[in-house]
Amino acid sequence: RRSIRTREGPAPPGQPPHSHKGHLKRFLFFAWDPKSRSVVVGPAGLGKAAAPALLEYGGTATPNKRRKGRARAHYRPRPFMAPALEKNAPQLPSFWKDSLR
């Protein structure tokens with residue numbers, strides 16, 4: 001969450017995305033998956049299931065149907081989950097210690 005800034009305009013490719021209205025930053029969650037006995041961390045879909053994946057990995061998508069022209073939009077990757085995991089991997093055991101009983 002700390003790497004995502006609330007600013008106007010796109011972030012430079014390769015840098016964490018800007019959260020223009022703060023939604024991306026507020027909709028990062030973690031949850032316990034009892035079936036796999038692991039913790040899942042990531043962004044909620046925000047009504048547009050492809051949006052977080054497009055920000056992380058880049059890709060192509062069709063804009064909202066209400067817009068005229070409906071040309072394909074190309075997104076450059078602006079990773080935020082993978083760099084955060086890499087940076088915090090050594091500290092993960094202490095983050096989760098005694099959090100579940």
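Here are three short exercises on this structure, each with a worked solution.

Before you start: this is a predicted model, where local features need pLDDT of at least 70, side-chain atom pairs count only at pLDDT 80 or more, and totals for chains, interfaces and linings use all residues. Residues are numbered from 1 along each chain as its sequence is written, and side-chain values use heavy atoms, leaving out hydrogens and water.

**Exercise 1.** Work out in which sense strand 1 and strand 2 pair.

Solution. Start by finding strand 1 at residues 28-33 and strand 2 at residues 38-43; strands are DSSP runs of E with at least two residues, numbered from the N terminus. Next, look at the bridges: the two strands pair in the antiparallel sense over 6 of them, and pairing takes at least two bridges found by DSSP. Then check one spot: F30 stands opposite V41 in strand 2. Finally, look at the hairpin, which has 4 residues between the strands; R37 there takes a positive phi near 55 degrees.

**Exercise 2.** Decide whether F30 is buried or exposed.

Solution. First, place F30 in strand 1. Now take its relative accessibility, which is 57%, so F30 counts as exposed (buried is under 20% relative accessible area, exposed over 50%, partly exposed in between, with a 1.4 Å probe and protein chains only).

**Exercise 3.** Find what L54 touches beyond its neighbours within four places in sequence.

Solution. Begin in helix 2 (residues 51-57), the home of L54. L54 is buried, because its relative accessible area is 13%. Its contacts (heavy atoms within 4.5 Å) are G59, T60, A61, Y75 and R76, leaving aside those sequence neighbours. For R76, 22 residues apart from L54 along the chain, the C-alpha atoms are separated by 8.0 Å.
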